[in-house]
Amino acid sequence: MSASIFIDGEHGTTGLQIRERLAGRSDITLMSIPMEERRNEALREQMLKDADVAILCLPDDAARQAVALAAGSGTRFIDASTAHRTHPDWVFGFAELAPGQAGRIAGAQFVSNPGCYSTGAIAILAPLVKAGLLPADYPVTINAVSGYSGGGKQMIAQMEDQTRDDAITANHFAYALTLAHKHVPEIMTHGGIERRPIFTPSVGRFDQGMLVNIPLFTDLLRGTPAIAAIHEALAAHYEGQDIVEVVAPADGTAKARIDAEEMRGTDRLKIYVLGTEGMGQVNVIASLDNLGKGASGAAVQNLNLMIGA
Ligand SMILES: NC(=O)C1=CN([C@@H]2O[C@H](COP(=O)(O)OP(=O)(O)OC[C@H]3O[C@@H](n4cnc5c(N)ncnc54)[C@H](OP(=O)(O)O)[C@@H]3O)[C@@H](O)[C@H]2O)C=CC1
Ligand SMILES: CC(=O)N[C@@H](CCC(=O)OP(=O)(O)O)C(=O)O
């Protein structure tokens, strides 16, 4: 039987990419609202109630409103926004997070898709905490660069149309300067850390791609592990699945540089464990497409689990 899917926000950046990924599938019936009617609340309410699964690609407030509009209908939700990522009634849509997580997603009514930076950070932190290497009170720093599509339609226009009054002319800029980025709570909750991390994101003049760097002092980790042991813990965590790849340390350090766009157009994530043995430091880097495993690719992965595809 074909599942009815409604993407609320289907004309936005994340929504469009989900639609592209679902086009042509015979196991899915895509319900659609014309571009000019995208904010027609009555139409959205009807679609939200009629869908088997609604995928929300909306700002946070609109995502909360969409869930309320469908109340009592039994519709299942995947929310790409930040609104429900630490909500206790929502299952966190990161299938590789822990054993059983894919099953929890498959059986859930409410699934929250992780943020793009958080996907990279949690992919590194959660397995290291679980392995007992990273103490929950470690002073974590997270330094990242994203492609500008991470800022949605508005930032895409600001970066691509230099004639706009609000055009962004910088080729690479730092932001979230107050250290209060909205992904920090979900990184703490699902990464398993108790001390608030210092998160310094930035945006580069490329549309899709992302690097999330978490440098660590190995003498502040439990047992002062070698780089090889840190790699081993991550590789063991991700063994047997095909979306996250943990690159062998020697293969990582053999590279002169890591291209932030290397995962562009894919729904996968790579983790590098880098440094020089004996120096007491390691840099763990997650490389992903902010719109792939960081958003639309993860939403489709969650949908497939939910409808048993
Ligand atoms: N871009 C990315 O890399 C990622 C985005 N996300 C999250 O996904 C969500 C969507 O982001 P993104 O696709 O980038 O955003 P966009 O701004 O590109 O798209 C949002 C879409 O939602 C529509 N919309 C806004 N408000 C309403 C409303 N009240 N009712 C109906 N439709 C509405 C917009 O219409 P209009 O054109 O009229 O504004 C637009 O079509 C956000 O919560 C974002 O934080 C998550 C991970 C990564
Ligand atoms: C470049 C850029 O602006 N990125 C967005 C995050 C994109 C993302 O992960 O989306 P969520 O808003 O759903 O968490 C930001 O920093 O707010």
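The crossing of helices H2 and H3 is right-handed in this predicted model. Two packed helices are described by the angle between their axes and the distance between the axes. For H2, which spans residues 41-50, and H3, which spans residues 60-69, the angle is about 65° and the axes lie 9 Å apart. On the H2 side, the contact is formed by Glu41, Arg44, Glu45, Leu48 and Lys49. These residues meet Ala62, Gln65, Ala66 and Leu69 of H3. In character, the residues of this contact divide into four nonpolar, one polar and four charged.

The description now turns to the ligands, beginning with ligand 1. This ligand has 24 residues around it, and those that come nearest are Thr13, Thr14, Arg39, Leu58 and Lys153. Three polar contacts to oxygen atoms of ligand 1 may be followed in the structure. Thr13 places a polar side-chain atom 2.6 Å from an oxygen atom of the ligand. Thr14 instead takes part through its backbone, where a polar atom is 2.8 Å from an oxygen atom of ligand 1. Arg39 contributes a polar side-chain atom, which lies 2.9 Å from a ligand oxygen atom. On its own, ligand 1 has 890 Å² of accessible area, of which the protein covers 84%.

Ligand 2 is surrounded by 15 residues, and the closest are Arg85, Cys116, Tyr175, Lys182 and His183. From the side chain of Arg85, an N or O atom is 2.6 Å from an oxygen atom of the ligand. Cys116 approaches through its backbone, with a polar atom 2.8 Å from an oxygen atom of ligand 2. Gly150 also engages ligand 2 through its backbone, but here the partner is a nitrogen atom of the ligand, 3.2 Å from a backbone N or O atom. Taken alone, ligand 2 exposes 430 Å², and the protein buries 84% of that area.

How values were computed:
Residues are numbered from 1 along each chain as its sequence is written. Chains are lettered from A and ligands numbered from 1 in the order in which they are written. This is a predicted model: local features need pLDDT of at least 70, side-chain atom pairs count only at pLDDT 80 or more; totals for chains, interfaces and linings use all residues. Side-chain values use heavy atoms; hydrogens and water are left out. Axes are lines fitted to C-alpha atoms, for helices over the stretch in contact, and angles run from 0 to 180 degrees between N-to-C directions. Helices (H or I, at least four residues) and strands (E, at least two) are DSSP runs, numbered from the N terminus. A crossing is left-handed if the near helix is turned anticlockwise from the far one by less than a right angle, and right-handed if clockwise. Contact means heavy atoms within 4.5 Å. Ala, Val, Leu, Ile, Met, Phe, Trp, Tyr, Cys and Pro count as nonpolar, Asp, Glu, Lys and Arg as charged, and the others, Gly among them, as polar. A residue is near a molecule or strand if one of its heavy atoms lies within 4 Å of it. A polar contact is a pair of N or O atoms within 3.5 Å; within protein, one must be able to donate a hydrogen and the other to accept it, and residues adjacent in sequence count only if both atoms are side-chain atoms. Accessible areas come from the Shrake-Rupley method with a 1.4 Å probe; for residues, only the protein chains shown count as cover.
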